[in-house]
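Student: Got a minute to go through this one with me? I'd like to start with the aromatics.
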Amino acid sequence: MEVLKEKVEEEEAAEREEAAERAERGEKTKRPMEVRRGETTMTQEMLRDLERKLSEIEVSVPEKLLTFTKDTIDTSKLPLSYQSNTLKEEHLLQVADNFSRQYSHLCPDRVPLFLHPLNECEVPKFVSTTIRPTLMPYPELYNWDTCAQFISDFLSMVPLPDPLKPTVKEEEKAPPKKYAIKPPRDLTSRFEQEQEMKRQEAIKAEEENRRKQEEARLLEQENAKTDPLHGLRVHSWVLVLSGKREVPESFFIDPFTARSYSTQDDHFLGIESLWNHKNYWVNMQDCWNCCKELVFDLGDPVRWEYLLLGTDKPFLSLTEEEDEGMNDDDDVENLGKEDEDKSFDMPPSWVEQIEISPEAFETRCPNGKKVIQYKRAKLEKWAPYLNNNGLVCRLTTYEDLECTKTLEVKEWYQNREDMLELKHINKITGLNVDYFKPGHPQALRMHSYKSMQPEMDRVMEFYETARVDGLIKREETPKTMTEYYHGRPDFLSYRHVNFGPRMKKLALNSAESNPRPMVKITERFFRNPAKPADEDVAERVFLIAEERIQLRYHCRSDHITANKREFLRRMEVDSKGNKIIMTPDMCISFEVEPMEHTKKLLYQYEAMMKLKNEEKLSRHQAWESELEVLEILKLREEEEEAHTLTISIYDTKRNEKSKEYREAMERVLHEEHLRQVEAQLDYLAPFLAQLPPGEKLTRWQAVRLKEECLNDFKQRLIDKANLIQARFEKETQELQKKQQWYQENQVTLTPEDEDLYLSYCSQAMFRIRILEQRLSRHKELAPLKYLALEEKLYKDPRLVELLKVFV
């Protein structure tokens, strides 16, 4: 309100000044009330109403492009190499500036070179030093295609503020001055302005109506104006040179899309410069034909001007004549001195080593999600397991440029238990197509449908090797069902079933409770090489409602037509009331080469009875196909509702079973460790048990416990030594007895007895040596064990305070 009052006061003051000026010039002036006689006075209510209208006006501020500056990055936590330059880096910047001045002088028409932009800390860094080759522990990054795809997903693109220059600083606008000269008043008529605006709006409305049809046609044809920045935009690409790692030809990689392009592609209009972590090269070739005529021999100083003369730069291959001319000793010495003076190695990279954790590598996209907007399309990406349904990618295409009318949606899935891989949804026709990887319980490969309700239009494709019946494809409509087979032992390849209306109407129609009546079944067969062609059925048609069966046989290679036969299954009675089983008119045949046995009624009767059984089997198989469709639809509804994801047994973070098993094993090991600790015998427990429970030890009792414990341990050491000595003496005596026996019976012993004797002696000597070593070792360690126990007793927390006086 105060602002509006001040504005009114300023206008009145300006009018008074004008009136005073006119008075000085001798002009007649009117009073303020006379000037405003035809106007309405600005009241408080009008001011409030004006203020309310002004507050309702929304000012849209253009969104500023996202840029990374020192305000968005905490530079205090960055290493020192980010915040300053070494002496060698400063020397390199001086070399680069000198090189840039010479280049600008020799090539004034070329754009300035991109040599040393500012980093996050506003420190100039040479572009080659920003590259640090790093070997990552992920096999997917070893090949260019998977590595480029990871980079495309892992990084987010930020467009340049100026598409023509890679480094541009925004100029800071000076704040408006508080005291400034006011512009002269606008004395034009507002009424005339309003009338002109109305007239212009009417003209625009007419033009808009005329352009509606033309605009639709232009949008369809996409005949936009020529891009004014064509060939002027700056873009960075990755060039892979041929030669190493079996790369036959050089090619480009777009880091934003991870796509590869040939150097002959029309997308590339020219190259200003190239650089890697070792050197910097300027393209001196003419790009009149884009990059199609460029020679990527970086060792050619005529085509590629290099910045540093180092030992790592690729040299131009010389001919034999040129190579012989370089054999002069003086030239070699002078060349060596010149290289030695001008050589300058690239400083090491100032950036930190790239470290990508397994979690970040799996997440890929920033925060696990990434959205890329294209012309009439939007691409969304998610990390695996981020969505509960396994969705990892979605591509949405639109009809209009504003992306409001959706045409179709493609969704890619991973780690689905139902093996769903791709879902294609057409928003115009309502058609859904699901694609599955091998492993679905029903061996589904593709399912195309508009509705999940049964007896609707749908197409199902299967993995034939995973099915016993060899079914490849099943097409269903409300009135028909068509199945395609391959690899069956009966050579069936095709079955088409026509259904009729149901006899009774139920609220819920089902193939199991109320099956549809079958009107016609058509079956086709592959050629059976074990049968003659004129006896091998190629197609048979069961006209169930008409009680007819039609057969068409395969055509012989030397014929142009095939045999045909039709059976009529009518039941009639003769004059005596007997049923007529078979008559000649019940079988109509067309044979290219008629045969006698096919004309006999017995042959025709047997063939018709066999066809009746096959008709029953075909009807039963068609009924089972209907039930299988219902089972698949029910299963798909359950899978879409549950959308369970599979987790590898090696994924210890997500696999709950593996996690529970690991925790159980750790718990068992911990309990086992506790049991082992508890199982360790307390050397004072037998002696403390002799004392009354709960009685406090006295000094003399502590001394007696110590002595009894040491005496007991000493006695056990002696007993163990005696036991070893007794076993040693026993083995020695038995060996002596065996030797005495051998001396007495040496003459009568057989070779087998001598072998047994020698084997016994060897084993006995081995046991004796072991016992001798054990006894010797026991005698050495017994005093040490005794002293160790005595030290433990003096340090035992139950006796330490009572035994201090005796130490």
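Tutor: Sure, terms first: rings of Phe, Tyr and Trp (its six-membered ring) pair if their centres lie within 6.5 Å; planes under 30 degrees apart count as stacked, over 60 as edge-to-face and the rest as tilted. This is a predicted model, where local features need pLDDT of at least 70 and side-chain atom pairs count only at pLDDT 80 or more, while totals for chains, interfaces and linings use all residues. Residues are numbered from 1 along each chain as its sequence is written, and side-chain values use heavy atoms, leaving out hydrogens and water.

Student: OK, how many aromatic pairs does the structure hold?
Tutor: There are 16. One of them is Phe252 with Phe268: the ring centres are 4.2 Å apart and the planes sit at 25 degrees, so the pair is stacked.

Student: Where do Phe252 and Phe268 lie?
Tutor: Phe252 is in strand S2 (residues 251–253) and Phe268 is in the loop between strand S3 (260–262) and S4. Helices (H or I, at least four residues) and strands (E, at least two) are DSSP runs, numbered from the N terminus.

Student: Is Phe252 buried or exposed?
Tutor: Buried, at 3% relative accessible area, and Phe268 is buried too, at 6%. Buried means under 20%, exposed over 50%, partly exposed in between (1.4 Å probe, protein chains only).

Student: Which residues join them in a cluster?
Tutor: Ring pairs link Trp237, Phe252, Tyr261, Phe268, Phe296 and Trp304.

Student: Switching to helices: what about Ala607?
Tutor: Ala607 is in helix H11 (residues 601–642) and is partly exposed at 22% relative accessibility. Its C-alpha is 9.2 Å from that of Phe567, 40 residues away along the chain.
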